[in-house]
Structures are given as C-alpha cells and as structure tokens.
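Student: I have a structure to look through, and I would like to understand the reasoning behind the labels people put on it. Could we go through it together?

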Amino acid sequence: MHRHGPTEDIDETALTVTAPKEQAAGVTAVAVALKRSVEEMGVVRTARTLARLNQVDGFDCPGCAWPEPSGHRRPAEFCENGAKAVAEEATLRTVTPEFFAAHSVDELAGKSGYWLGQQGRITHPMVLRPGDTHYSPIAWDEAYRLIADQLRALSSPDEAVFYTSGRTANETAFLYQLLVRGYGTNNLPDCSNMCHESSGAALLGSIGIGKGSVSIDDFGKADLIIVAGQNPGTNHPRMLSALADAKANGARVIAVNPLPETGLLGFRDPQTVRGVTTGVAIADDFLQIRLGGDMALFQGLGKLLFDAEDLAPGTVVDRAFVDAHCAGFADYEKHTRAVDLSAVQTATGLSMAELERTARLLAESRSTIICWAMGLTQQAHGVATIEEATNLLLLRGMIGKPGAGVCPVRGHSNVQGDRTMGIWEKMPDAFLDALDREFGITSPREHGWDTVNSIRAMRDGRAKVFFGMGGNFVSATPDTEVTEAALRNCALTVQVSTKLNRSHVVHGRTALILPTLGRTDKDVQAGTKQQVSVEDSMSMVHLSTGRLEPVSDQLRSEVAIVCELALALFGPDHPVPWARYQRDYDKIRDAIARVVPGCADYNTRVRQRNGFVLPHPPRDSREFRTSTGRANFAVNELTWVPVPEGRLILQTLRSHDQYNTTIYGLDDRYRGVHGGRRVVLVNQDDIAEFGFADGDLVDLVSEWTDGVERRVRGFRVVAYPTPRGNAAAYYPETNPLVPLDHVAARSNTPVSKAVTIRLERHVHIGAVS
C-alpha cells in the first residue's frame, strides 16, 4: 500500500532547547529507530528490512562506511541513524506523476529539503522542458535519447560534468567512469571532493596511498586512540562499539574537538546489559580545541615528543623505523624542535598541562591509532594538518603494525569504493592504460574538474550539461546562491535519484529525473537476481543484496541506467559490451578484476563470508609507493585561524536527525535542540559580549576577501559550551555562507569549518529565508 508524505512543512516557531545529553544511544535510540521505521515502512517491512541490514547475506547500510566486524555479527548490526537511512529509502510513501501534476516546480522550490525528502520514492522518469511549470512523465527511451542528443551536440565532451554520490556501488561506479571516459572527458567530480579529499592528498604524499591503514580488528589491539575533528555518536555511531571494545581491552581514548560531542562522552550499547543500565565513558581525555587549531596541536605534540626523546634517548623516536622506511626526517626534526609552544597554546586554546599529558601518552603508547573526519579535512590547511598527524605516527613507527595507523573515517557508504573504481578527475595513467587495454577505447589524459571547479565552469558557461549519479548536489555544495545560478545556467541537468531533493527544483533549461533502485530494493536483470559490491572505510569489499520489491516497475538500477544511456549515446557497435553488463553484474566484476589493482579474482573473493581486503602496501609490508619510495615526513609552516575582533569562526555540521544532506527529522537530541534547525551554537560569554541573549533571533553574515555579503536569516542563538570565538550551525542551511573560493590548499575542498561570520539582530521582513 502506497502512502503520501506530510503536507505541512517545517515550523521553526516550535523549536525548543534543552540541556545536551551526556550519553548516546541506549534504549532511546532503539525506540526512535523503530518508531521512525514503522512510520515509513510499516511493521512487516520494518522487520524484514532491519533483519538483513549489514548482515552477510543482506544489504549494506546506505548510511556511513563504518565496517562490519570480521567475526560474529549481532542480530541488530546497525545503529539508530542506519535504521533511519533504511526507513528513508524503503519508505512506502511515493512521489507519482500525479504528485508532480499537482505541484508546480515553483511551489516545490519553496519547500524545505526536509519536506521534499519526506514525500517518498520517485516512481517514474520525469522531464521539465523549457517553459514548463510542472514536471511530466517521459519514457525511458526518450529520456536517454534526449541526454544523448544533448551530449553529442556539445562542442567538446569537456562541456559536460558527471557527478557521483558516495552511495553508488562499485559496479555502477566502474561503468559510469567508463562511459564518461569513453565519451571523452575526465570531468568526474564526486562527494569526496567535499569531504576526504584533504585526507587523500595528505596520505598520498606521506605514505603513498590515500586510504586508512587500519582494520576494525586493530581497534581491539590499540592502547591509544585519538579521535580528532569527528562526532561518531551522530555520523557513524557503530564506531562507538569499536571504541567501547577497545577500552575494555585497556585502550585510552582522547577526543579532540571544539564541541563536547555526546557519543564521545558516554555510550550506552543497547545490546549489552551495561548499555541498558549505566553505559561506558568513551573519552578519557577531552581536548576542547579551537577551530583551526589542530595543526598547531600536532606540531606542538611533535616538539614535546622530541623533548621527551632528549630526556630518554632511544625511547620515543622509533629510529629503526625512521631510518629504514622514512625520508625527510632531518628537516622535520629541525622544524618541529623550533615550534613555539606558546603559539601552540594560543592557536589551540589548550593548556600546557593538557599538551604535556597528551604527549606523554603518545610517548608511552605501544600502538596508536589517529582517527579523523571533516573537522580536519574542511580546514584551509587541512592537508597540512593531516600530514602533521601522520608525522606523529611515523615518528613513533606506528604505520604497518597491529593496533596502529591512520584512520580517516569516511562518512558515506562506498565513497571510498567509488574512488577505487575510477571516480576521480585525476586518475593515474596506469589505471587509464589498463582501462584502454581492456576495452579498446582511448581515455582522455587531461585532468578534469572537481566539484568546486565544476561549479565555476557551469557558472561561467564552460559546462552546459550536468549529470548527477545520486546525491543532492545543490545542498551538498558551498556558496548556495552561486551553485544554484550555475546549475540554472546549464542547458540540461539530469538527476538519478530515489527521492526528491533540492537539486530537482534547481535545474537547467531542460531537466530530467531518473528514478533508481536503492540498496534495499531487489534488482532483477534478464530474470536473474543481481548483487552489487561496496568498499568500507577500511578497504574491505563485500556484497550487498537488496530484498524488497521496488515501489514501481518503472525504477531502473543504476547499472541499467548507465548501460542503457551508453547504448543510446554510443550505439550497439561500441567496443564495451554494455548490454551484457546490464544482464549480468558478474561480467562487470570480471572486467574490474582485470583493470583495478588489487581486484584479481573479484567474483570469487567478494563471495567470501566477509568479502576481501584490498591491498595496502604501508599496512601490509611497510612499503611506501611515494616519489621517494619511502614514507615522507612533511614540513609545514605553523598556521591557525585567528578570530577577528567582534567576529566568530563558524563550523557547519550535521544534526543527529540527518545524514549528509538528508534530513530525517527536526531533533538534535544529543545537543538539546528540538523541533527545528535554524540555530547557532555560541559560547555564553560571546553572546553577552556581542549584546545578545540566549534565544535571540539573529542573521549570520559571512565575511570573505571578495567583499560579497553572504547572509542567512532568522537563526536562534543557543548558549553552548563552544570555545570562545567559535560557533556552530547546521548545514545545508548555512552552506550559503561558505564562499566558493574558500578552499583548502592542495585539495580544493570547501572550507566549511572556518567561516568568519558576524551576528546581526534579525529584523523580520516576511518569511524567513
């Protein structure tokens, strides 16, 4: 039975604020997950779906990329937000052609992203032609012809942009990049450009591979785990179980974050007796760092480690590892010994006692893991910050040993797998050579556009077609006004989607919505049930099998959409066997095995109980495939983010009721925000100094070197224990404040964690914008 979504939109006047929670998960999380699931899916569908989530014979969670345990899996191998993600996708609510006939695009454009997402699954391909006020149905074949005609009419393939969301499975990603390169461009921006691109850039230079070096089993072997710039309780809650297990084995956990995040303070695992009663404290130490101070922290810790080595020579610096495997150590040592610890204290807001205690723990640790997420990557000096964290591990010989290593925690399921499969605008020539040998095509070698450069190209008229394979490009990207104008400047925009989002109502002169299957849906091709594969945050590749009947017979799998579009674009005589790949995904995996490094015998290995792990030379054999053939110490000028007089440094972040741009609900119960999202979290002393009071309505105005005023209106001030001079607010509501050109050096990642803003008293001038 199909259902309709809610008719009412967000009412921010209902917003209330309570004290933040001190423990995450627990029985409340179970109750919330079940309530949301039953509302969206019904009782029977909920039971059938959640029982298969993250199980060996089930489907991979469409939320985060945290790995499953390698041994026994619990009956409920998912978290609250994973259940919400599944409920969002497996909902019985539907968006039919009748819905589009009843709602004009202008009307839909006035709705919130939350309202749009709550309407349900899109059931039919839809088109908006020039001059139309409403989307109308279109046959699949006609939609493919429309796209192919537009692509063939471009003066250059480089006038098209092909975006990818992290939820795209390996098989789709491989075929998608093959189609794009067969067409003739490397314009393959993806969501990695906006999240972990800084991690990849830093780790490629430091250790020769842009992936983490630890496994889930390493957490049980570590005695020190540093969690920096990360909120596991909301963004990847199953990580809390791994941290709790590590603590049970004697590990110490240090949280480094501007905000006291509930999940790192206390965790109640609802599947244990202790979790139902008292829970466990996760962080032994909480370093409440100022925004932008992480590089200074890591450099300061490096200096203190050298000081400790002087007091006890041979006990702190792992000379055997450094001499055998590293380059650049002498320059790093000279630079780091000269670091000014008073500047480190200013930059971080931490005391000398906190710095010294942390350095002592690093010096005494036999196995250290450093984890991080967007809090580090979305800084202007994010690449250098991650290099400095890696320097500490290299100094201590903590790469390529059990219980130790780098752990960038990916926030989107299969975002790492997409990159492995070739979704990158700068894939190395060796990959492209293998692709060309396998298929008899000639891949372009000129690097393409990443996300930020794609927006610039569309804005400037250099790109005229936008194709989005999943995701919500408009709401995920910075500088919303510029991004929306860029998309409206296109001749054609195409969105492959499961549900409505803002990107469907911000469109080119012609727009297409192509409805696709989700992870939970059964995928049958040529009468045979198909499976897809994904890669988690720790390089494990495993199968995912949807079980639910699709809500419409008009839905196509992403693989089918790529193959059918390729046939329309290239014709039946193209050297790539697109029709065969659509019928049998094993054939795609056979091709992957011959092209993608580490994927030999893919079909056999991916069917093992836990799948298989991709090679990681630093982890596996302490081999570092860098320009020097060694792990490289990096030297960076000490940089931090000062706070201008009368201003605040803003970080954008998620609420507990959202995943990336998808808003599940209007409560952030861990932070005590209920019934709304337009809040700004500010230190009580800053509120008083600026002449405001807790609860006041303000506009946030960002300041940037281009002199353009970017403003969002009607945000409630919430007194919160942030560092002085710092503030936090939810995205995508505050994405308009992030300038397009405010990007991280060397990764071009939007700097969403260091936006200079001022607060102005809100003057009501009609509807809140």
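Tutor: Gladly! Helices and strands here are DSSP runs, with at least four residues for a helix and at least two for a strand, numbered from the N terminus. Keep in mind that this is a predicted model. With those runs in hand, glutamine 119 can be placed in the loop between α6 (113-118) and β4 (121-122).

Student: What makes glutamine 119 count as buried or exposed?

Tutor: Buried means under 20% relative accessible area. Glutamine 119 has a relative accessible area of 4%, so the residue is buried. Leaving aside neighbours within four places in sequence, its contacts are Gly5, Pro6, Arg93, Thr94, Val95 and Phe99.

Student: And valine 256, why is that residue called buried?

Tutor: The cut-off is again under 20%, and valine 256 has 1% relative accessibility, so it counts as buried. Valine 256 sits in strand β9. Beyond four places away in sequence, it touches Ile226, Val227, Ala228, Gly229, Leu287, Ile289, Asp294 and Leu297. Glutamine 288 is 32 residues from valine 256 in sequence, yet their C-alpha atoms are 6.1 Å apart in space.

Student: How do you know that β9 and β11 pair, and in which sense?

Tutor: Pairing takes at least two bridges found by DSSP. Strand β9 (residues 252-256) and β11 have three bridges, in the parallel sense. For a pair to look for on screen, alanine 255 stands opposite phenylalanine 286 in β11.

Student: Which sheet do these strands belong to, and in what order do its strands come?

Tutor: They belong to an open sheet of five strands, in the order β11-β9-β8-β13-β14, with parallel pairing. On average, neighbouring strands are turned by 15 degrees against each other, direction ignored.

Student: What makes β11 and β14 the edge strands?

Tutor: Each of them, β11 (285-287) and β14 (405-408), pairs on one side only. Helix α9 (residues 197-207) lies across β13 (368-372) and β14, and it runs at about 160 degrees to β14.

Student: Is there another sheet to look at? Which strands form it, and is the pairing parallel or antiparallel?

Tutor: Look for three strands in the order β20-β21-β22, an open sheet with antiparallel pairing. Here β20 (532-535) and β22 (612-613) are at the edges with a single partner strand each, so one side of each has no neighbour in the sheet. Four bridges join β20 to strand β21 (residues 540-544) in the antiparallel sense, and serine 533 has leucine 543 in β21 as its bridge partner. Helix α8 packs on this sheet, touching β20 and β21, and its direction makes about 90 degrees with that of β20.

Student: Why are α8 and α26 called roughly parallel?

Tutor: Angles under 35 degrees count as roughly parallel. Helix α8 (residues 170-183) and helix α26 (residues 558-570) pack at about 15 degrees, with axes 9 Å apart. The two are therefore roughly parallel to each other, and α8 passes α26 in a left-handed crossing. On the α8 side, the contact includes Leu175, Tyr176 and Leu179, and on the α26 side Val562, Leu565 and Leu569 are among the residues involved. By class, this contact has eleven nonpolar, two polar and two charged residues.

Student: How do you know what to call the packing of α14 and α20?

Tutor: The test is again whether the angle is under 35 degrees. Helix α14 (residues 294-311) and helix α20 (residues 382-395) pack at about 25 degrees, with axes 8 Å apart. They are therefore roughly parallel to each other, and their crossing is left-handed. Among the residues that meet are Phe298, Leu301 and Leu305 in α14 and Ala389, Leu392 and Leu395 in α20. This contact divides into nine nonpolar, three polar and two charged residues.

Student: One last strand: why is β7 described as largely enclosed?

Tutor: Five of the five residues of strand β7 (residues 160-164) are buried, so the rest of the structure largely encloses it. Ala160, Phe162 and Thr164 point one way while Val161 and Tyr163 point the other, and all are buried. Strand β7 is also joined by five bridges to strand β15 (residues 465-469), the two running parallel. There, valine 161 stands opposite phenylalanine 466 in β15.

Terms used: Residues numbered from 1 in each chain as written. Predicted model: local features only at pLDDT ≥ 70, side-chain atom pairs only at ≥ 80, totals over all residues. Heavy atoms only, no water. Axes fitted to C-alpha atoms, helices over the stretch in contact; angles between N-to-C directions. Contact = heavy atoms within 4.5 Å. Parallel < 35°, antiparallel > 145°, perpendicular 65-115°, else oblique. Left-handed = near helix turned anticlockwise from the far one by under 90°. Nonpolar A, V, L, I, M, F, W, Y, C, P; charged D, E, K, R; others polar. Buried < 20%, exposed > 50% of the residue type's maximum accessible area, 1.4 Å probe, protein only.
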